[in-house]
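Me: I'd like a close look at one part of this model: a pair of strands and whatever holds on to them. Take me through it, then widen out to the surroundings.

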Amino acid sequence: MPTLISQEYFQVELPQGVQIAIPLEQTAEVFSLSRRDICLIPGVAPSLLGITNQRGKLIWMLELGDLLGLPMPAGRSPQQRLTALVMSHRSQEQPVQLGCLVSSLRGIIPIEPDQIQPIPKQLKKKIRQFFVGMAQAERTPLLILKVETVFSLLQRYTPPNSLAIL
């Protein structure tokens, strides 16, 4: 009988109190920044805010809650401190990283494979694609993020052709 090995996840909270788990092996670091530290880039996916310089390295910044369709809080000031978790992914043999803004970091938790349940059917298919399953951490439901899907979706994004109407 094969042994089930638990995997560690980074538990984070997104707007609206939604909690997700990100495989620890696909996270690189966490850091804080202010909104004014992000250089806006036009013509990219709406959830991509722009880039920031993290210790001499440029990192794309993603509003993860927005990508997942969560209503975003209004009225953030440029000075407000933000929390970012850097996700990493190996694309075409080259590692890529993406900074994701989250509401808060909850810690590292183990999840046993037999704790992972199917994703609730009431979630829209568009949202379900981002998750591999659901688990409980201290009676709190967690959706387990499929990091590859986040990177894949952002790479496939094509901006609307605003010149087509001219």
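How many bridges join strand 1 to strand 9, and do the two run parallel or antiparallel?

Reply: Before the strands, some ground rules: this is a predicted model, where local features need pLDDT of at least 70 and side-chain atom pairs count only at pLDDT 80 or more, while totals for chains, interfaces and linings use all residues. Residues are numbered from 1 along each chain as its sequence is written, and side-chain values use heavy atoms, leaving out hydrogens and water.

Now your pair. Strand 1 (residues 7-13) and strand 9 run antiparallel, and seven bridges join them. (Strands here are DSSP E runs of at least two residues, helices are H or I runs of at least four, both numbered from the N terminus; two strands pair if DSSP finds at least two bridges between them.) To pick out one rung of that ladder, look at Val 12, whose bridge partner in strand 9 is Leu 105.

Side chains join in too. Glu 13 and Arg 106 form a salt bridge, at 3.7 Å from N to O; the term means a side-chain nitrogen of Lys or Arg within 4 Å of a carboxyl oxygen of Asp or Glu. With Glu 13 in strand 1 and Arg 106 in strand 9, the contact ties together parts that are 93 residues apart in sequence. The partners sit in unlike surroundings: Glu 13 is buried at 18% relative accessibility, whereas Arg 106 is partly exposed at 48%. (Buried is under 20% relative accessible area, exposed is over 50%, and partly exposed lies in between, with a 1.4 Å probe and protein chains only.)

Zooming out, strands 1 and 9 belong to an open, five-stranded sheet with the order 9-1-2-11-10 and mixed pairing. Strand 9 is an edge strand, as is strand 10 (131-137), each pairing on one side only. From one strand to the next the twist averages 30°, taken between axes fitted to C-alpha atoms (for helices, over the stretch in contact), with angles from 0 to 180 degrees between N-to-C directions.

Follow the chain past strand 9 (104-111) and you hit Pro 113, in the loop that leads to helix 2 (125-128). Pro 113 is partly exposed, at 34% relative accessibility. Its C-alpha is 24 Å from that of Glu 29, a residue 84 places away in sequence.

Glu 29 has a salt bridge of its own, with Arg 55, where the closest N and O atoms are 2.2 Å apart. Arg 55 is in the loop between strand 5 (48-54) and strand 6 and Glu 29 is in strand 3 (residues 27-34), so this one spans 26 residues of sequence. Arg 55 itself is exposed, at 67% relative accessibility.

A search of the whole structure finds three salt bridges, and the one still to mention is Glu 63 with Arg 35, 3.6 Å from N to O. Glu 63 in strand 6 and Arg 35, in the loop between strand 3 and strand 4 (39-40), are 28 residues apart. Glu 63 is buried at 8% relative accessibility, while Arg 35 is partly exposed at 25%.

Glu 63 also stands opposite Leu 101 in strand 8. Strand 6 (residues 57-63) and strand 8 (residues 94-102) are parallel, with four bridges; strand 7 and strand 8 are antiparallel, with nine. One rung of the latter is Ser 88 with Gln 97. Strands 7 and 8 make a hairpin with two residues between them, and Gln 92 in the turn has a positive phi of about 50°.

On strand 7 (residues 81-91) you'll also find His 89, buried at 18% relative accessible area. Leaving aside residues up to four places away, the contacts of His 89 (heavy atoms within 4.5 Å) include Gln 26, Glu 148 and Phe 151.

How far to trust this? The average pLDDT, the predictor's per-residue confidence from 0 to 100, is 89 for the chain, with 93% of residues at 70 or above. Among the elements, strand 2 (residues 19-23) has the highest mean, 97, and helix 3 (residues 147-156) the lowest, 90. Residues 162-166 stay under 50 and have zero contacts beyond four places in sequence. Where pLDDT is low, the predicted coordinates should not be read in detail.
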